[in-house]
Amino acid sequence: MTTVAQHIPEGAKHPLPANRRGLAGRIPSPGFEAFGGIFGFIYTFLAGNVLMAFANAPLVLCLALVADPAAAWPFFLALSVTIPPSLAALFAAFKALHDDGAAVKPVAAYLTAYRRGFRKTAPLGLAAVAILLFLGVDLVIVQTMPAAALLVPVILVAAAATLAVTMTAIAGVVLHPETRLKNLLKAALYLAVQRWYLSLATLVLLGIIATAAILQPVLGIALAPAPLLFVIWSNTTYAYTAALRTAN
């Protein structure tokens, strides 16, 4: 005598486990590319912080030794002349991270970009430091003048614009290495004004990096710069890309 169970198809006797297997099969699982991309970011950030520390060793060493860096701001500002070439090299490592993904080699990309971009970024750094020193001295002088309430904001805005334009120009050196520095500066000035909200974000992030480096030189330099500079790089890349898209 046959039973009802004998007439049920083999695949339909246990529908619940089959449904569960079907549901599990539709859930995406993280693959090698996802883990490789995460590792690429972490590796690039860690290597970038170490390379930045080595490239700016005099500044890092003095920050660790001097108790009150703010009191000797002209000295530290002069030492920061080494930052623009190292920043361009770090931006190039970020570009390689975008292009190569899990196969990124941040150390090689950093060293190659540092060597190739030094001729443009070194004069850019010298000019930026000279302007900031001039504005800093003026700020100290005008504070005792009757027109301080009018002149101090003007000087602060000029200093902020100098930082924003310099950062945008450094990114331009990496994105458009064939363009002359003069043309890059014009484009950087235009983008810094047009995308003023990105410039404001850049200044805030630079302030966080500087504060971390002053308060905790070792931990601040070891952990903070690369992730925050990656945000600056991403914003600046977007500004250049959007400007080119509009022009075309």
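Trainee: How do you know how the residues lining the second largest pocket divide by class?

Mentor: In this predicted model, the lining of the second largest pocket divides into six nonpolar, one polar and three charged residues. The lining consists of Ala88, Ala92, Lys95, Ala113, Arg116, Gly117, Lys120, Val173, Val174 and Pro177. Because Lys and Arg count as charged, and Gly counts as polar, Lys95, Arg116 and Lys120 fall in the charged class and Gly117 in the polar one.

Trainee: Which helix gives the most to that lining, and how much space lies in the second largest pocket?

Mentor: Helix H6 gives the most, with four residues, while H5, H6 and H7 each supply at least two. The space in this pocket comes to about 260 Å³.

Trainee: What makes Arg119, which has its place in helix H6 (residues 106-142), count as buried or exposed?

Mentor: The relative accessible area of Arg119 is 76%, and since exposed means over 50%, Arg119 is therefore exposed. Along the chain, Arg119 and Pro85 are 34 residues apart, and their C-alpha atoms are separated by 8.8 Å.

Trainee: What is the make-up, by class, of the lining of the largest pocket?

Mentor: That lining has 29 nonpolar residues, seven polar ones and no charged residues. In total, 36 residues line the largest pocket, and Leu59, Ser80, Ile83, Leu206 and Ala210 are the ones nearest its centre. Two or more lining residues come from each of H2 (32-55), H3 (57-65), H4 (73-79), H5 (83-100), H6, H7 (148-175), H9 and H11 (225-247), and the largest share, eight residues, comes from H9. The space in the largest pocket is about 1200 Å³.

Trainee: Why does Trp196, which lies in helix H9, count as it does on the scale of accessibility?

Mentor: Trp196 has a relative accessibility of 55%, and because the cut-off for exposed is over 50%, Trp196 counts as exposed.

Trainee: Which residues form the nonpolar patch on the surface, and what makes Trp196 eligible for such a patch?

Mentor: The patch is formed by Trp196, Tyr197, Leu200, Val204, Ile208 and Tyr238, which together have about 630 Å² of accessible area. Patch residues need over 30% relative accessible area, and Trp is among the nonpolar side chains considered, so Trp196, at 55%, passes that cut-off.

Trainee: Where does the largest share of the nonpolar patch come from?

Mentor: Helix H9 (residues 196-215) provides that share, with five residues, and H9 also provides the largest share of the lining of the largest pocket, with eight.

Notes. Residues are numbered from 1 along each chain as its sequence is written. This is a predicted model: local features need pLDDT of at least 70, side-chain atom pairs count only at pLDDT 80 or more; totals for chains, interfaces and linings use all residues. Side-chain values use heavy atoms; hydrogens and water are left out. Patches are made of residues with over 30% relative accessible area and no salt bridge: like charges are joined within 9 Å, nonpolar side chains (Val, Leu, Ile, Met, Phe, Trp, Tyr) within 5 Å. Accessible areas come from the Shrake-Rupley method with a 1.4 Å probe; for residues, only the protein chains shown count as cover. A salt bridge is a side-chain nitrogen of Lys or Arg within 4 Å of a carboxyl oxygen of Asp or Glu. Buried means under 20% relative accessible area, exposed over 50%, partly exposed in between (1.4 Å probe, protein chains only). On a 1 Å grid over the protein atoms alone, a cavity is a set of points where a 1.4 Å probe fits but cannot get out, and a pocket is an open set with protein on both sides within 12 Å along at least five of seven lines; lining residues have an atom within 4 Å of a point. Grid points are joined across faces, edges and corners, and a volume is the space filled by probe spheres set on the points.
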